[in-house]
Structure formats: structure tokens, C-alpha cells
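User: I would like to learn how to read a sheet and the elements packed around it. Could you take me through one case step by step?

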Amino acid sequence: MKYNVYWKDFEDNHGEWDLINSFNDFDSAYDSIKNWWKQNNSIPEHVRIIGDINIDDKITIDYGPYFKFYQIKKEEVNE
């Protein structure tokens with residue numbers, strides 16, 4: 001099982017979500033997003049989490065612009 005981090009800009013990219021990276025646990029996946037915000041001096045004022053990783057196997061992170069989102073999905077990996 002992997003926790004895959006995706007990103008999408010609905011203004012510029014009306015296609016698929018872009019896969020950013022994969023992690024072995026949810027906390028590492030979510031921390032990767034927060035670390036990117038810190039490293040790029042782009043910490044959002046508001047963050048809204050939509051969904052539940054334990055129920056829906058994914059969450060969507062709305063971080064303010066209302067057209068740019070992250071998504072973390074719990075997905076099977078065939079290795």
C-alpha cells in the first residue's frame with residue numbers, strides 16, 4: 001500500500017491529476033505537502049481537508065485558491 005500525492009490546477013490543467021510522489025505512510029505524504037509550502041514560503045492561510053483517508057482511501061486538500069488542490073490517495077502497489 002502506498003500513499004500517493006497528486007496535485008491539480010483546474011485553471012491550467014483540465015486533464016488528469018499530476019502524481020507528485022509516493023510514500024509508505026499517510027503522515028509522510030501529508031508532511032511532504034506542508035514541507036513544500038514551508039520551503040517555498042507559500043504557507044496557506046486556510047486549509048480544508050475533504051474526505052477521510054480511512055473511509056474514502058483519499059483526501060482532497062483545498063488550500064485557498066479554490067482551483068488548485070492536492071490529493072492523497074491510498075492505493076495498492078503491484079511490485
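User: In what order do the five strands of the open sheet lie?

Analyst: One reads a sheet by following its pairings from one edge to the other, and in this predicted model the five strands follow the order β2-β1-β5-β4-β3, with antiparallel pairing. The edges are β2 (18-23) and β3 (48-52), each of which pairs on one side only. Averaged over the sheet and ignoring direction, neighbouring strands are turned by 20° against each other.

User: How many bridges join β4 and β5?

Analyst: Strand β4, residues 58-62, and strand β5, residues 68-75, are joined in the antiparallel sense over five bridges; within this part of the sheet, K58 stands opposite K73 of β5.

User: Which strands does helix α1 lie across?

Analyst: Helix α1, residues 26-39, lies across β1 (2-9), β2, β3, β4 and β5, and the helix runs at about 160° to β5.

User: Is F23 buried or exposed?

Analyst: Here one compares the relative accessibility with a cut-off, buried being under 20%. F23, a residue of strand β2, has a relative accessibility of 18% and therefore counts as buried.

User: With which residues is F23 in contact, leaving aside its neighbours within four places in sequence?

Analyst: Once those neighbours are set aside, the contacts of F23 are K2, Y3, V5, S28, A29 and S32. Separation in sequence and distance in space are read independently: F23 and K74 are 51 residues apart along the sequence, while their C-alpha atoms are 9.6 Å apart in space.

Methods: Residues are numbered from 1 along each chain as its sequence is written. This is a predicted model: local features need pLDDT of at least 70, side-chain atom pairs count only at pLDDT 80 or more; totals for chains, interfaces and linings use all residues. Side-chain values use heavy atoms; hydrogens and water are left out. Two strands pair if DSSP finds at least two bridges between them. Helices (H or I, at least four residues) and strands (E, at least two) are DSSP runs, numbered from the N terminus. Axes are lines fitted to C-alpha atoms, for helices over the stretch in contact, and angles run from 0 to 180 degrees between N-to-C directions. Contact means heavy atoms within 4.5 Å. Buried means under 20% relative accessible area, exposed over 50%, partly exposed in between (1.4 Å probe, protein chains only).
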